[in-house]
Amino acid sequence: MAGCTGLAGGLAVARDPGARRARALSRRGREARWGPATGVMLRTLFERRREWLCAPVAALLAALGDSVLPLLAGAVAVPLVGRWRRRRAQRRGREQATDGVMSLCGAVVGELRAGREPGQALLAASRSAGALGAAESAVLAAARFGGDVPGALRQAATGPGLDGLAGMAACWRVAVDGGAGLAAGLARLESALRGERRRREELRAQLAGAWSTVAVLASLPVMGLGLGAALGADPLRVLLHSPGGLVCLAAGGLLEAAGLVWATRIVRAAEA
C-alpha cells in the first residue's frame with residue numbers, strides 16, 4: 001500500500017503542469033550554471049543509464065530475502081532492459097524522422113508557392129524542418145550549387161525513417177525532366193505521409209488495450225508476492241530458501257518469460 005501510494009503521488013506530481021514547469025526551470029538553471037553542453041551531457045548520460053535502476057531494486061530484494069538470487073536476476077535484467085529501451089528509442093527516432101520529412105515537404109511547398117526557386121525553397125525549408133539526417137550537407141550543397149538534388153535525396157533516404165525522401169526525390173526528378181509542378185507533387189506526398197502517421201496512431205490506440213493487458217498479466221506475480229507478504233506468509237523466504245520454493249521460482253520465471261514473449265509477439269504481429 002505504501003508503494004502504491006508513493007507511485008500514485010509520483011505520477012500526480014509528474015502530470016502536474018506546475019511541477020513540470022518547475023523541473024524545466026530547475027533544469028535551465030543547472031544548464032545556465034554548468035553550461036548547456038554539460039547539462040545535456042548529464043541528462044543524456046542519465047537517460048542512457050536508466051536501466052541500471054534494476055540494480056538497487058535487486059539489491060533491496062536480496063537484502064529482504066537474504067539471498068544472492070535477486071542480484072543474479074538484476075544482473076540479467078540490466079542488459080535486457082537496456083536492449084528494450086534502445087529499441088524503443090530507435091522506433092521513436094524513426095517516427096520523428098518520418099514526421100520531419102513530412103514537415104520538410106510542407107515547408108518546401110510553402111516556399112515554392114511563395115515564389116522561390118526549388119533549390120532556394122529546399123534551402124529555406126531545411127533550416128526550419130531539419131529532416132535530412134546525416135546526408136544534409138550533401139543535399140544542401142547540391143541545392144545551393146545546382147547539383148544532383150534527386151540523387152542526394154535518394155542517398156539521404158537510406159537513413160531510418162527517411163523513406164519519404166525517396167518520394168521527394170522522385171517528385172523532384174519528374175518536375176525537372178517532365179516539367180510537372182513540384183509543389184503539387186510534394187503536397188500529395190505530404191498528404192500521403194500524414195495519412196500514414198494517422199493510421200499508425202489509430203493502430204497504436206487500438207493496441208493500447210492489448211499492451212495494458214500484457215502489463216497487467218506481467219505484474220500479477222509481483223502483486224501475488226506483495227499480497228503474500230501482507231498476509232505474513234514471507235513468500236521471499238519460501239521461494240529463495242526451500243527446495244519447493246526454488247522449483248516454483250524457476251518454473252514461474254520460465255512461464256513468465258514465455259508468456260511475455262508470446263504476448264509481445266502477438267501484439268507485434270498485429271502492429272506489423
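The following exchange concerns a predicted model and the reasons behind several of its descriptions.

Colleague: Why is S67 called buried?

Modeller: The relative accessible area of S67 is 14%. Buried means under 20%, so S67 qualifies. This serine lies in the loop between α4 (54-65) and α5. Setting aside residues up to four places away in sequence, S67 touches A62, L240 and H241.

Colleague: What makes the approach of the S67 side chain to the backbone nitrogen of L69 a polar contact?

Modeller: The S67 side chain reaches that nitrogen of L69 at 3.2 Å, and the cut-off for a polar contact is 3.5 Å. The pair is therefore within the limit.

Colleague: Why is C105 not bonded to C171?

Modeller: The closest cysteine sulfur to that of C105 is in C171, at 7.6 Å. A disulfide needs sulfur atoms within 2.5 Å, so this pair is too far apart for a bond. The structure as a whole holds zero disulfides.

Colleague: Why is C105 called buried, and why is C54 called partly exposed?

Modeller: C105 has a relative accessible area of 0%, and the limit for buried is under 20%, so C105 is buried. C54 has 21%, which lies between the buried limit of 20% and the exposed limit of 50%; C54 is therefore partly exposed.

Colleague: How do you know that α7 is roughly antiparallel to α8?

Modeller: The two helices pack at an angle of about 170°, with their axes 9 Å apart. Angles over 145 degrees count as roughly antiparallel, so the description applies to α7 and α8. At their interface, A138, V139, A142 and A143 in α7 meet V149, A152, L153 and A156 in α8.

Colleague: What makes α10 roughly antiparallel to α12?

Modeller: Their axes cross at roughly 180° and come within 11 Å, α12 being residues 243-271. The angle is over the limit of 145 degrees, so α10 is roughly antiparallel to α12. Residues of α10 in this packing include L203, W211 and P221, and those of α12 include E256, L260 and E271.

Colleague: Which residues have the most contacts inside the largest nonpolar core, and which helix supplies the largest share?

Modeller: The core has 32 residues, and V108, L122, L153, L165, M168 and L186 have the most contacts inside it. At least two core residues come from each of α5 (69-113), α6 (118-129), α7 (136-145), α8 (149-156), α9 (164-178) and α10 (182-230). The largest share, eight residues, comes from α5.

Terms used
Residues numbered from 1 in each chain as written. Predicted model: local features only at pLDDT ≥ 70, side-chain atom pairs only at ≥ 80, totals over all residues. Heavy atoms only, no water. Core = buried A, V, L, I, M, F, W, Y, C linked by side-chain atoms within 4.5 Å. Buried < 20%, exposed > 50% of the residue type's maximum accessible area, 1.4 Å probe, protein only. Helix = DSSP H or I, 4+ residues; strand = E, 2+ residues; numbered from the N terminus. Polar contact = N/O pair within 3.5 Å; in protein donor to acceptor, adjacent residues only side chain to side chain. Contact = heavy atoms within 4.5 Å. Axes fitted to C-alpha atoms, helices over the stretch in contact; angles between N-to-C directions. Parallel < 35°, antiparallel > 145°, perpendicular 65-115°, else oblique.
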